[in-house]
Amino acid sequence: MKENNLLKISIAAAIASTFTFSATTFAAVDIVKIDGSSTVYPISEAVAEEFQKATGIKVTVGLSGTGGGFKKFCRGETVISDASRPIKAKEAKMCEEAGISFIEIPVAFDALTVVVNKGNDWAKELTPAELKKMWEPAAQGKIMSWNQIRPGFPDQPLKLFGPGADSGTFDYFTEAIIEKSKAIRGDFTASEDDNVLVQGVSGDKGAIGYFGLAYFVENKDKLDAVAVQNGAGKFVLPSVETTMDGSYNPLARPLFIYLNATKAAFDPNVKKFVEFYLKNAGKMAKEVGYIPFSNEEYAAITEHYRTLKTGTAFEKPAIGLSVKQMLELSAANK
Amino acid sequence: MVKNKKQPAVIKDLESIRAMIRRHKRNDLIFAAVGMFVIASLTITLLVLFLDLILDGYPRFTLDFFTNYPSRKPEIAGILSAWVGSSLVLLVTFFVAVPLGIAAGVYLEEYAKKNWTSDIIEINVSNLAGVPSIIYGLLALGLFVYAFGLGQSILSAGLTLALLMLPIVIVSTREAIRAIPIHIREAAYAVGATKWQVVYDHVIQYSYGGILTGVIIGMARAIGETAPIITIGALTFIAFLPPTPVTVDPPFLNFEWLSSGFTVLPIQMFNWISRPQHAFHINAAATGAIIIILTALMNGAAIKLRYNIRKKIKW
């Protein structure tokens with residue numbers, strides 16, 4: 001009976017507390033809050049882990065996707081937003097209306113890798129035009145076999161695997177290859193989990209798919225990468241080296257973090273964190289499977305960040321910009 | 001005379017009756033076999049999945065796995081923040097859903113007048129039990145996170161899962177109450193007990209077993225929920241624990257943890273399974289196995305408790 005009473009009291013306390021607390025205690029702890037892209041997540045997680053060890057300042061990282069991340073960022077719920085694509089005009093406007101200005105910081109490259117089945121002995125090299133032919137909306141229901149892509153390819157059914165429409169990877173691929181954002185044929189197998197795409201492509205001889213380099217590196221025994229023709233007409237395989245020297249294009253894409261400019265200017269913890277991020281981004285990016293910028297480029301980005309120059313370099317959508325070009329464009333805004 | 005005349009017919013019928021009995025026995029057998037097959041295939045599927053998770057994840061069943069924070073290095077990454085988060089969220093869920101659910105069940109069964117309002121409530125409760133959990137997540141995002149301003153906190157998550165669990169508790173409470181023989185009530189009223197005395201001293205006491213089962217099955221469902229928790233904005237990387245609920249100084253209870261950010265086991269698993277490195281997939285398998293073990297333990301506890309309580313009750 002005594003125990004029963006205790007239980008009752010604690011239940012009452014719990015219920016009472018749920019109604020009285022909300023206003024007073026939220027915002028008590030100073031935590032650097034990050035949210036956004038699942039692609040950028042591993043880098044932010046790695047930096048957060050090391051930063052917290054080094055300074056004891058708390059950091060949390062969420063995984064709402066690039067779009068979801070920006071929504072929270074523009075509501076002022078997070079200080080930093082991970083993004084696997086540049087901010088869109090609509091999102092930038094949402095931030096502006098909420099009175100939040102942002103600093104755009106590129107942190108690393110990801111090389112979108114086009115992969116085929118191990119049994120595919122014909123498509124070692126493809127041009128962007130051929131990729132477009134496979135993936136564009138007009139191909140739906142029409143381009144169904146490899147021999148329609150290039151004369152000489154076998155009559156093997158073409159099976160397409162790609163990330164779903166919510167992903168920044170998808171946005172970038174359509175912009176780079178189809179030259180129109182989000183335009184793609186509807187009859188392909190989509191999954192938000194790249195490991196599912198790996199399974200799909202490795203299980204079908206006529207399959208082709210694309211995703212970030214890290215997923216290819218971990219599954220080299222199951223898949224082959226395709227060399228894609230770059231702007232200079234050369235066929236280049238994706239790798240850390242070819243991405244760093246700029247020869248792997250147009251499928252090398254930059255990853256970003258967006259920083260709340262007010263917080264960056266006034267909050268000492270946020271300042272410390274961003275400095276730490278930029279100092280370690282290269283090392284961490286490499287460790288989790290992305291491609292770092294050069295040291296000079298990180299130095300230039302740090303300079304850019306310290307000037308607290310807000311806005312994006314991507315007011316007009318652009319593909320294949322170097323870090324230097326991104327910073328110049330961003331600095332030239334307004 | 002009449003009897004004699006009919007006898008041959010009965011004897012003739014006997015054959016057909018025996019044939020009918022044989023046929024029915026065969027049907028019985030077929031049904032039992034089909035039933036066995038269905039149960040066996042379900043159990044075997046679960047066992048195979050579970051074994052697969054264990055075989056993949058067993059290298060990570062170490063103490064470190066439970067005491068380490070998540071990390072970019074799969075071999076030192078652990079589920080400390082996830083299991084603490086899961087426990088605290090479930091604690092909130094328990095303290096909200098159980099009293100509310102039992103009270104609602106008792107009210108509907110014992111007090112509510114049987115009219116169209118209670119019919120509507122009844123239909124709604126049964127329907128709510130089948131609503132996809134993501135819907136609860138969206139409701140909670142609008143209501144708890146923004147309208148009430150509770151933020152992306154343990155409290156919001158606990159309340160969300162409590163909503164999810166409420167219908168289960170209500171339905172099982174009502175069923176447990178209905179199982180109590182009417183003469184118990186009548187006996188109590190006969191010696192002059194008030195309605196509340198009957199409800200509190202008899203109805204609730206005797207239906208504990210059934211209520212408890214519902215509560216634990218509801219909790220077991222809640223522990224594996226991912227969608228609504230992601231919707232309200234659970235974190236993924238969090239390398240610190242919320243403030244402890246129990247303190248050494250008076251008043252001994254601390255409620256700051258309610259407002260803390262958090263992650264839970266299924267989200268940690270989801271994050272690891274989508275990483276490129278195979279070593280993370282091992283971590284995910286280990287986490288999955290742990291979730292299944294926890295669910296099985298909870299269900300086991302429900303069965304054991306129900307058995308013990310039923311044994312104690314003598315009508």
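The following exercises, each with a worked solution, concern a predicted model with chains A and B.

In this predicted model, local features need pLDDT of at least 70 and side-chain atom pairs count only at pLDDT 80 or more, while totals for chains, interfaces and linings use all residues. Residues are numbered from 1 along each chain as its sequence is written, and chains are lettered from A and ligands numbered from 1 in the order in which they are written.

**Exercise 1. Describe chain A as a whole.**

Step 1. Chain A has 14 helices and 12 strands; helices (H or I, at least four residues) and strands (E, at least two) are DSSP runs, numbered from the N terminus.

Step 2. The C-alpha trace of chain A spans about 80 × 60 × 35 Å along its principal axes.

Step 3. Of its 334 residues, 46% count as buried. A residue is buried if 20 or more other C-beta atoms lie within 10 Å of its own, exposed if 12 or fewer, and partly exposed in between, with C-beta atoms placed from the backbone.

**Exercise 2. Determine how strand β4 of chain A is enclosed and which strands pair with it.**

Step 1. Strand β4(A) covers residues 102-117, and 16 of its 16 residues are buried, so it is largely enclosed by the rest of the structure.

Step 2. Two strands pair if DSSP finds at least two bridges between them. Nine bridges link β4(A) and β12(A) (residues 252-260) in the antiparallel sense, with A:P254 as the bridge partner of A:F109.

Step 3. β4(A) also runs antiparallel to β8(A) (residues 207-212), joined by five bridges; here A:G212 is the partner of A:L112.

Step 4. With β9(A) (residues 223-225), β4(A) has an antiparallel pairing of three bridges, in which A:V115 stands opposite A:A225.

**Exercise 3. Give the strand order of the open three-stranded sheet in chain A and identify its edges.**

Step 1. The order is β5-β10-β11, with mixed pairing.

Step 2. β5 (125-126) and β11 (235-236) stand at the edges; each has a single partner strand, so one side of each is left without a neighbour in the sheet.

Step 3. β10(A) (residues 227-229) pairs with β11(A) over two bridges in the antiparallel sense, and A:V228 stands opposite A:V236.

**Exercise 4. Characterise the side of chain A that touches chain B.**

Step 1. Contact joins 31 residues of chain A with 27 residues of chain B; two residues are in contact if their C-beta atoms, placed from the backbone, lie within 7 Å.

Step 2. Elements giving two or more residues to this side of chain A include α1 (2-20), α3 (41-55) and β2 (58-61). The most come from α3(A), with seven residues.

Step 3. This side of chain A comprises 14 nonpolar, 10 polar and seven charged residues. Ala, Val, Leu, Ile, Met, Phe, Trp, Tyr, Cys and Pro count as nonpolar, Asp, Glu, Lys and Arg as charged, and the others, Gly among them, as polar.

Step 4. β2(A) runs antiparallel to β1(B) (residues 237-238), to which two bridges join it; A:V61 stands opposite B:F237.

**Exercise 5. Examine helix α8 of chain B for a departure from straightness.**

Step 1. α8(B) holds residues 195-223, and a straight helix of 29 residues would span 42 Å at 1.5 Å a residue. The expected span is 1.5 Å times one less than the number of residues.

Step 2. Between its end C-alpha atoms, α8(B) spans only 37 Å.

Step 3. The helix bends by about 55° at B:Y208, where the bend is the angle between axes fitted to the seven residues ending there and the seven starting there.
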